[in-house]
Amino acid sequence: MDTMKLIKEQVDKALSLNKDLVGLEDVITHIERAEHLLNLGLASDDKHYFTDVIYRTNHAYEGVLKEAYFVLSDKKDQNITPNNIEKYLLTNKILNERVVNLLENYRKEWRNTSTHDYRLFFNSGEAFLAILSVTSFVHLLLTQTLDKL
């Protein structure tokens, strides 16, 4: 299954319905760069690429969260933080349950740990899992966003 093809099709459809969601293109870029960094890490002796994968997946996570927030909440607050978006979406029960589960998992297991622990490093398996987790989250959140559009 070509998950990036699926996500790109979703982004194209979202942009055809709402041209303001241009940040979704950056989400794609971050996922593609994460995959590239994973491959570099696997092909070299530099294991730090795997930690860089996590930073890219975090950017993809935060980007899709913000773009979806604009649609799902009907709000345009450009300065809202990812944490406040998460709280808003969860408190107001806007997300489907399967999206909530992925959001909570990614936030707790990947984003929060990598953001707050500068001594933390990831291995190839963790990098691979982060890409799969964030692409799943992106796909499901885009599905819900497209439903609203």
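Here is a short conversation about helices, contacts and exposure in a predicted model.

User: Let's start with helix α6. How do you know that its span is close to the expected one?

Analyst: Helix α6 covers residues 124–148, which is 25 residues, and reaches 36 Å from its first C-alpha to its last. The expected span is 1.5 Å times one less than the number of residues. For α6 that expectation is 36 Å, and the helix is close to it.

User: What makes Asn123 a cap for the N-terminal end of α6?

Analyst: A side-chain oxygen of Asn123 lies 3.0 Å from the backbone nitrogen of Gly125. A polar contact needs an N or O pair within 3.5 Å, and the 3.0 Å value for Asn123 and Gly125 fits that limit.

User: Why is Leu129 called partly exposed?

Analyst: Leu129, a residue of helix α6, has 45% relative accessibility. Partly exposed is the class between the buried limit of under 20% and the exposed limit of over 50%, so at 45% Leu129 counts as partly exposed. Leu129 also belongs to a nonpolar surface patch of about 280 Å², together with Phe128 and Leu132.

User: And why is Val134 called buried?

Analyst: Val134 is in helix α6 too, but its relative accessibility is 0%. Buried means under 20%, so Val134 counts as buried. From Val134 to Asn58 the C-alpha distance is 8.0 Å, although 76 residues separate them in sequence.

User: What makes Asp147 exposed?

Analyst: Asp147, again in helix α6, has a relative accessible area of 61%. The exposed class starts at over 50%, so Asp147 is exposed. Its C-alpha lies 19 Å from that of Thr3, a residue 144 positions away in sequence.

User: Let's turn to rings. Why is the pair of Tyr69 and Tyr88 called edge-to-face?

Analyst: There are four aromatic pairs by the count used here. In this one, the ring centres of Tyr69 and Tyr88 are 5.5 Å apart and the planes make an angle of 85°. Rings pair when their centres lie within 6.5 Å, and planes over 60 degrees apart count as edge-to-face; with 5.5 Å and 85°, Tyr69 and Tyr88 satisfy both conditions. The pair links distant parts of the chain, with Tyr69 in helix α3 (residues 48–73) and Tyr88 in helix α4 (residues 82–91), 19 residues apart.

User: Are these two tyrosines buried or partly exposed?

Analyst: One of each! Tyr69 has a relative accessible area of 3% and is buried, whereas Tyr88 has 23% and is partly exposed. The limit that separates them is 20%. Elsewhere, ring pairs join Tyr61, Tyr106 and Phe137 into a cluster.

User: How do you know that Lys8 and Glu32 form a salt bridge?

Analyst: The closest N and O atoms of Lys8 and Glu32 are 2.7 Å apart, and the cut-off for a salt bridge is 4 Å. Lys8 lies in helix α1 (residues 3–17) and Glu32 in helix α2 (residues 23–43), so the bridge ties together parts that are 24 residues apart in sequence. Lys8, at 34% relative accessibility, counts as partly exposed, and so does Glu32 at 31%. The whole structure holds four salt bridges.

User: What makes Arg107 and Glu86 count as a salt bridge?

Analyst: Their side chains meet at 3.6 Å, N to O, again inside the 4 Å limit. This pair links distant parts of the chain, from Arg107 in helix α5 to Glu86 in helix α4, 21 residues apart. Arg107 and Glu86 are both buried.

User: Which residue pairs with Lys148 in a salt bridge?

Analyst: Asp74 does, with the closest N and O atoms 3.1 Å apart. Lys148 is in helix α6 and Asp74 in the loop between α3 and α4, 74 residues apart. Lys148 counts as partly exposed at 40% relative accessibility, while Asp74 is exposed at 61%.

User: Why do the phi values of Asp74 and Lys93 stand out?

Analyst: Most residues other than glycine have a negative phi. Phi of Asp74 is positive, near 60°, and phi of Lys93 is positive as well, near 50°. Lys93 sits in the loop between α4 and α5 and, at 72% relative accessibility, counts as exposed.

Note on methods. Residues are numbered from 1 along each chain as its sequence is written. This is a predicted model: local features need pLDDT of at least 70, side-chain atom pairs count only at pLDDT 80 or more; totals for chains, interfaces and linings use all residues. Side-chain values use heavy atoms; hydrogens and water are left out. Helices (H or I, at least four residues) and strands (E, at least two) are DSSP runs, numbered from the N terminus. A polar contact is a pair of N or O atoms within 3.5 Å; within protein, one must be able to donate a hydrogen and the other to accept it, and residues adjacent in sequence count only if both atoms are side-chain atoms. Patches are made of residues with over 30% relative accessible area and no salt bridge: like charges are joined within 9 Å, nonpolar side chains (Val, Leu, Ile, Met, Phe, Trp, Tyr) within 5 Å. Accessible areas come from the Shrake-Rupley method with a 1.4 Å probe; for residues, only the protein chains shown count as cover. Buried means under 20% relative accessible area, exposed over 50%, partly exposed in between (1.4 Å probe, protein chains only). Rings of Phe, Tyr and Trp (its six-membered ring) pair if their centres lie within 6.5 Å; planes under 30 degrees apart count as stacked, over 60 as edge-to-face and the rest as tilted.
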